[in-house]
Amino acid sequence: MANREKLAERLRQYRRWRPFVEAKELLVIALCCAPFAIAVNRLLIPHAIVGGGLAGFCEILYFATDGLLPVWATNFVINIGLLLAAFKLVGWQFTLRTLYGVACLTVWFKVIPIPETPAITDPFMAVILGGLFSGTGLGIVLLNNGSTGGTDIVAAIVAKFGHLPMGRAMLASNIFIITGAYFLPEVHSIEKVLFGLCYTFMSSTAVDWIMNRVRQSVQFFIFSAHYKQIAHAIMTQVPRGVTILDGHGGYTNQDMKVITVIARKNESTRIFRLVRAIDPDAFVSETQTMGVFGRGFESIKEQ
């Protein structure tokens, strides 16, 4: 009875603090959209360099119309269309978080001015700094369970229902956008296309550094007497499927249950929070996995 009361109190504390944790995440998402907007408005556009993703596509529209279609407006309108599709296909939770990230990014695109002359005269240095700025901002946004929309939405849809892995879908779309910018009069240069590819590489490298390979999968083994409550919380609040294994302690010589979970790297923080809220004394092992195939991850394919 005492253990049940302690467990109920931990769950009440978790529910009590959860709104504050989510509010902190939303604040961080709002602030960390700014470096991405700075990279595009202050570093790329003045040098007529087109990056990847939806922001790069919005840059193309900006240059093609001689500035009549601002990046903030096209970014917002196109994302609304993508989000309508995402709501039907990937669920309301992903859609709401992404809508918030899109709104924050749109505001930053609007309030950060585009200078007439580049603040950094060397285009290569602008590319390096822009990639670091955008990658760091996006990495922190993803770390806080956020998204800025764009090709992330398309890649999520493709990864869930198609046969192309999420990372490969994003890479293909980025290359298509950057190379397509070559035909614009302002960009018509192989050098600027290469600068755009360098920017994308730097940005993705910074995201990986911040997120510790955010899109990589991880495997959990959770040992706890409260395995039923932990399993239910993970299945309903992450949500990820769990498998409960029969175990036997070599030292204690007692039978136990072991929860095993495979999740995305950016979901690991949420899983740790749930486990700690329910059973602070739980024993948890987390390992990175080289490849996960099946429902919710990559499609099964020949190696």
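Student: How many helices and strands are there in the protein chain?
Tutor: The model is a predicted one. Its protein chain has 303 residues, of which 44% count as buried. The secondary structure comes to 11 helices and 4 strands.

Student: What percentage of the contacts with a separation of 6 or more is between residues 24 or more positions apart?
Tutor: Take the contacts in the protein chain with a separation of 6 or more. Residues 24 or more positions apart account for a share of 73%.

Student: Which strand pairs with S1 over 7 bridges?
Tutor: S1 pairs in the antiparallel sense. Val218 stands opposite Ala263, which lies in S3. The partner covers residues 255-264 and is strand S3.

Student: In S3, which residue is the bridge partner of Val242?
Tutor: Strand S2 spans residues 242-248 and pairs with S3 in the antiparallel sense over 7 bridges. The bridge partner of Val242 in S3 is Val261.

Student: Which residue in the turn of the S2 and S3 hairpin has a positive phi?
Tutor: The hairpin leaves 6 residues between S2 and S3. One residue in the turn has a phi of about 60°, and that residue is Asn253.

Student: Which residue forms a salt bridge with Lys257?
Tutor: The closest N and O atoms of the pair are 2.4 Å apart. A salt bridge needs a nitrogen within 4 Å of a carboxyl oxygen, so this pair qualifies. The partner of Lys257 is Asp246.

Student: Which strands does that pair tie together?
Tutor: Lys257 and Asp246 are 11 residues apart in sequence. Lys257 is partly exposed at 29% relative accessibility, and Asp246 is exposed at 66%. Lys257 lies in one strand and Asp246 in another, so the pair ties together S3 and S2.

Student: Why does the salt bridge of Arg273 and Glu25 tie together parts far along the sequence, and how many residues apart are they?
Tutor: The two side chains meet at 2.8 Å, N to O. Arg273 lies in helix H11 and Glu25 in helix H1, residues 2-32, so the pair ties together separate parts of the chain. Their distance in sequence is 248 residues.

Student: Is Glu25 buried or exposed?
Tutor: Arg273 is partly exposed, with a relative accessible area of 22%. Glu25 has 3% relative accessibility. Buried means under 20%, so Glu25 is buried.

Student: Where does Arg240, which forms a salt bridge with Glu267, lie?
Tutor: The closest N and O atoms of this pair are 2.8 Å apart. Glu267 lies in the loop between S3 and H11. Glu267 is buried at 12% relative accessible area, and Arg240 is buried at 14%. Arg240 lies in the loop between helix H10 and S2.

Student: Why is the pair of Phe220 and Phe272 edge-to-face, and what is the angle of the planes?
Tutor: The ring centres are 5.3 Å apart. Planes over 60 degrees apart count as edge-to-face. The pair is edge-to-face because its planes stand at 75°.

Student: Which elements does the pair of Phe220 and Phe272 tie together?
Tutor: The two residues are 52 residues apart in sequence. Phe220 is buried at 0%, while Phe272 is partly exposed at 36%. The pair ties together strand S1 and helix H11.

Student: Which residue is separated from Thr98 by 4.9 Å between C-alpha atoms?
Tutor: Thr98 lies in helix H5, residues 92-111. Thr98 is buried at 0% relative accessibility. Leaving aside its neighbours within four places in sequence, Thr98 is in contact with Leu83, Ser147, Gly149 and Ile153. The residue 49 places along the chain, at 4.9 Å, is Ser147.

Student: Which helix gives the largest share of the nonpolar patch?
Tutor: The patch has about 810 Å² of accessible area together, and its residues include Phe76, Trp92 and Leu96. Leu96 lies in helix H5. The elements that give two or more residues are H4 (71-90) and H5. The largest share is 5 residues, and it comes from H4.

Key: Residues numbered from 1 in each chain as written. Predicted model: local features only at pLDDT ≥ 70, side-chain atom pairs only at ≥ 80, totals over all residues. Heavy atoms only, no water. Phe/Tyr/Trp six-rings, centres within 6.5 Å; stacked < 30°, edge-to-face > 60°. Buried < 20%, exposed > 50% of the residue type's maximum accessible area, 1.4 Å probe, protein only. Contact = heavy atoms within 4.5 Å. Patch = residues over 30% accessible without salt bridge, like charges linked within 9 Å, V, L, I, M, F, W, Y side chains within 5 Å. Areas by Shrake-Rupley, 256 points an atom, 1.4 Å probe, with all protein chains shown as cover. Pairing = 2+ DSSP bridges.
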